[in-house]
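Me: Please take one part of this protein and walk me through it closely. Then show me how the surroundings are built. Keep the sentences short.

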Amino acid sequence: MTIQRMGTVLAGLLLASLGMAAGFQTVSVADVDGARPVRFWCDTPGRVLALAVPTTAPGPGTLAQWAGGQRTLTPVQVGVDDPGAGQVYTPLGIPGQPAPADPGYFVHSSNIENAQDPAYRMTHVDGFRVPAGTFTCRYVPQAAVLAATAKHTVIVWDSGGRVTYASRNRDGTPGVQLTGGTHTRAGGREVYRWTQRGYTYSVSVGNPQLGQVPGGELRVSRGGAVLNTWLLQAYTLSTPR
């Protein structure tokens with residue numbers, strides 16, 4: 001093999017290894033008796049759900065649900081992941097609740113559409129099946145931030161220097177859409193900010209992977225005066241590796 005050919009092969013291998021290392025890393029946080037990392041969460045028109053576990057291994061966990069302005073916390077037993085063709089079922093045992101017919105209670109997620117693949121910034125959590133019902137989760141594969149307040153779904157895109165904001169009302173109807181935002185770090189948080197017609201919208205989220213305090217908020221102000229602040233019930237933050 002010539003030196004030139006060897007150099008071409010080595011360059012190809014280097015690019016391939018860099019490509020494999022590329023992609024995104026995510027962290028999900030929910031207000032489960034205080035803001036803390038969670039394994040899964042789910043935004044639906046009438047309900048927000050989250051599953052907090054000490055680790056990704058099977059064991060005890062907490063199922064949090066927000067509905068009708070109330071939060072409930074239920075102890076659960078998290079089973080062994082059951083992967084299949086493009087999907088994963090994480091079984092849940094609910095104390096005092098006999099499981100329904102197979103597959104019982106579970107969290108359904110994707111093992112294809114996930115942040116391990118550079119084509120996706122977000123892992124697709126398809127849905128939760130719990131005693132309150134079966135719920136399909138909203139999914140925005142290229143979002144940098146996906147979050148829920150008591151009144152909104154919050155979506156932030158941050159790519160190629162363009163920072164965009166969109167909100168959905170809890171019933172799924174469109175809310176506000178803003179472009180031309182900025183992304184900075186301030187006060188120990190990742191802060192996304194937009195100003196339009198005298199109003200400033202900001203979304204701040206803590207990234208525990210960077211040592212930031214978990215939790216976040218959506219804030220609207222005008223002329224330096226805060227008009228509204230909504231705490232984030234749950235969010236996922238996706239950042240480049």
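Reply: The answer below starts at the disulfide and works outward to the sheets and the aromatic pairs.

First, the ground rules. This is a predicted model, in which local features need pLDDT of at least 70, side-chain atom pairs count only at pLDDT 80 or more, and totals for chains, interfaces and linings use all residues. Residues are numbered from 1 along each chain as its sequence is written, and side-chain values use heavy atoms, with hydrogens and water left out.

pLDDT is the predictor's confidence in each residue, on a scale from 0 to 100. Its mean over the protein chain is 88. Of the residues, 90% reach 70 or more. Treat the start of the chain with care: pLDDT stays under 50 over residues 1-21. For that stretch the model has four contacts beyond four places in sequence. Contact here means heavy atoms within 4.5 Å.

Now the disulfide. The term covers a pair of cysteine sulfur atoms within 2.5 Å. By that rule there is one. Cys42 is joined to Cys137, with 2.1 Å from S to S. The torsion about their S-S bond is about -110°, so the disulfide is left-handed.

Where do Cys42 and Cys137 lie? Cys42 sits in strand 3 (residues 40-43), and Cys137 is in the loop between strand 11 (133-136) and strand 12. The pair therefore ties together parts that are 95 residues apart in sequence. Strands here are DSSP runs of E, at least two residues long, numbered from the N terminus.

Are Cys42 and Cys137 buried or exposed? Both are buried. Buried means under 20% relative accessible area, exposed means over 50%, and partly exposed lies in between (1.4 Å probe, protein chains only). Strand 3 is covered on both faces. Phe40 and Cys42 are buried on one side, Trp41 and Asp43 on the other.

Strand 3 has a partner in strand 4 (residues 48-52). Two strands pair if DSSP finds at least two bridges between them. Here there are four, and the sense is antiparallel. Phe40 stands opposite Leu51 in strand 4. The two strands are joined by a hairpin through four residues.

Gly46 lies in the loop between these strands. With a relative accessible area of 53%, Gly46 is exposed. Leaving aside neighbours within four places in sequence, Gly46 is in contact with Trp66 and Ala67. Leu92 is 46 residues from Gly46 in sequence, and their C-alpha atoms are 21 Å apart.

Next, the sheets. Seven strands make an open antiparallel sheet in the order 2-1-21-12-13-14-15. Its edges are strand 2 (35-37) and strand 15 (174-178), each of which pairs on one side only. The twist averages 15° from one strand to the next. That angle is taken between axes, which are lines fitted to C-alpha atoms; angles run from 0 to 180 degrees between N-to-C directions. Strand 12, which follows the Cys137 loop, covers residues 145-148. Strand 12 pairs with strand 13 (residues 152-159) over four antiparallel bridges. Ala147 is opposite Val154 in strand 13.

Another open sheet has five strands in the order 16-17-18-19-20, again with antiparallel pairing. Strand 16 (182-186) and strand 20 (225-231) are its edges. Direction ignored, its neighbouring strands are turned by 25° against each other on average. Six bridges join strand 19 (residues 216-222) to strand 20. Arg219 has Thr229 in strand 20 as its bridge partner.

Last, the aromatics. Rings of Phe, Tyr and Trp (its six-membered ring) pair if their centres lie within 6.5 Å; planes under 30 degrees apart are stacked, over 60 edge-to-face, and the rest tilted. The count comes to three pairs. Tyr89 and Phe106 have ring centres 5.0 Å apart and planes at 80°, so this pair is edge-to-face. Tyr89 is in strand 8 (residues 87-93) and Phe106 in strand 9 (residues 105-110), 17 residues apart. Tyr89 is partly exposed at 25% relative accessible area, whereas Phe106 is buried at 11%.

Tyr165 and Tyr201 form a tilted pair, 5.9 Å centre to centre with 45° between the planes. Tyr165 belongs to strand 14 (residues 162-169) and Tyr201 to strand 18 (residues 199-205), so the pair ties together parts 36 residues apart in sequence. Tyr165 is buried at 2%. Tyr201 also counts as buried, at 16%. Together with Trp194, these two tyrosines form one aromatic cluster.
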